[in-house]
Amino acid sequence: MLQSVLELEAAVQRGPTDALRWYELGVKQQENEREQKAVQALRRALELDPTHLPSWLALAVSHTNESNRQGTYAAIYEWVERNERYRGTVESFRALNPIDEEMLQTEKFANLIQCLIEMARGDQSGEIDADIQIALAVLLNTNEVRGGAVKLPMCL
């Protein structure tokens with residue numbers, strides 16, 4: 001794996017259609033606390049490969065670091081929607097808990113948090129999916145209704 005931002009920038013110039021390189025550049029920019037540049041690189045990665053789930057999570061982290069609640073929500077929402085592993089769980093959850101266009105943002109956040117919890121519960125592998133835990137942590141960190149408004153079960 002390439003180490004420096006300059007090396008990664010050179011790599012994306014040599015291969016501007018390589019989504020993985022754009023993702024790596026975005027993550028490296030995050031590490032250097034250059035969130036705007038990270039967001040640009042991650043968005044480019046997702047233009048090239050919208051199915052690359054790590055790019056959606058990394059984008060959510062950058063949006064959180066920028067205090068962009070809507071961007072965080074949108075990135076986690078896309079991560080959930082594009083996650084084939086949990087398609088059945090998400091479809092079942094959405095059938096029982098549809099998102100209404102008239103919902104308040106806090107209600108949409110709560111809905112997405114509950115969906116992530118259902119994904120964690122529905123994982124039949126017996127292993128804890130670290131990406132779900134990351135998505136939950138990022139969303140809860142961004143959510144302004146911390147500390148009680150969203151009831152989380154004791155065991156995920």
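Visitor: Why is arginine 94 called buried?
Guide: Arginine 94 has a relative accessible area of 15%. The cut-off for buried is under 20%, so a residue with that value earns the word. Keep in mind that we're looking at a predicted model.

Visitor: And what makes glutamate 81 partly exposed?
Guide: Its relative accessible area is 25%. Buried needs under 20% and exposed needs over 50%, so glutamate 81 falls in between.

Visitor: How do you know that glutamate 81 and arginine 94 meet in a salt bridge?
Guide: Their side chains come to 2.9 Å, N to O. The limit is 4 Å, so the pair counts. The two partners sit in distant parts of the chain, with glutamate 81 in helix α5 (residues 69-82) and arginine 94 in helix α6 (residues 87-96), 13 residues apart.

Visitor: How many salt bridges are there in the structure?
Guide: There are eight. Another one of them joins aspartate 129 and arginine 85.

Visitor: What makes that pair, aspartate 129 and arginine 85, a salt bridge?
Guide: The N to O distance is 3.3 Å, and since the rule asks for within 4 Å, it passes. Here too distant parts of the chain are linked: aspartate 129 is in the loop between α7 (105-122) and α8 (130-142), while arginine 85 is in the loop between α5 and α6, 44 residues apart. Aspartate 129 counts as buried because its relative accessibility is 13%, and the cut-off is under 20%.

Visitor: What separates glutamate 31 and lysine 28 along helix α2?
Guide: About one helical turn, because they're three residues apart in helix α2 (residues 19-31). Their side chains meet in a salt bridge at 3.2 Å, N to O.

Visitor: Is glutamate 31 buried or exposed?
Guide: Exposed: its relative accessible area is 52%, and the word calls for over 50%. Lysine 28, at 16%, is buried.

Visitor: Let's turn to the rings. How many aromatic pairs does the count come to?
Guide: Two. In one of them, tyrosine 73 and tyrosine 77 are stacked.

Visitor: Why is the pair of tyrosine 73 and tyrosine 77 called stacked?
Guide: The centres are 6.0 Å apart, within the 6.5 Å needed for a pair, and the planes differ by 25 degrees, so they meet the under 30 degrees rule for stacked. The two tyrosines are four residues apart in helix α5, which means about one helical turn separates them. Tyrosine 73 is buried at 7% relative accessible area, whereas tyrosine 77 is partly exposed at 24%.

Visitor: What makes the pair of tyrosine 73 and phenylalanine 109 tilted?
Guide: Its planes are 45 degrees apart, neither under 30 nor over 60, so tilted is the word that remains. The centres lie 5.4 Å apart. This pair links helix α5, where tyrosine 73 sits, with helix α7, home of phenylalanine 109, 36 residues apart. Together Tyr73, Tyr77 and Phe109 form one aromatic cluster.

Visitor: How do you know that the buried residues of α1 line one face of the helix?
Guide: The buried ones are Val5, Leu8, Ala11 and Val12. Looking down the axis of α1, they fall within an arc of 120 degrees, so they line one face. The face turned away from that side carries the exposed residues Leu6, Gln13 and Arg14.

Key:
Residues are numbered from 1 along each chain as its sequence is written. This is a predicted model: local features need pLDDT of at least 70, side-chain atom pairs count only at pLDDT 80 or more; totals for chains, interfaces and linings use all residues. Side-chain values use heavy atoms; hydrogens and water are left out. Buried means under 20% relative accessible area, exposed over 50%, partly exposed in between (1.4 Å probe, protein chains only). The arc is that of the directions from the helix axis to the C-beta atoms.
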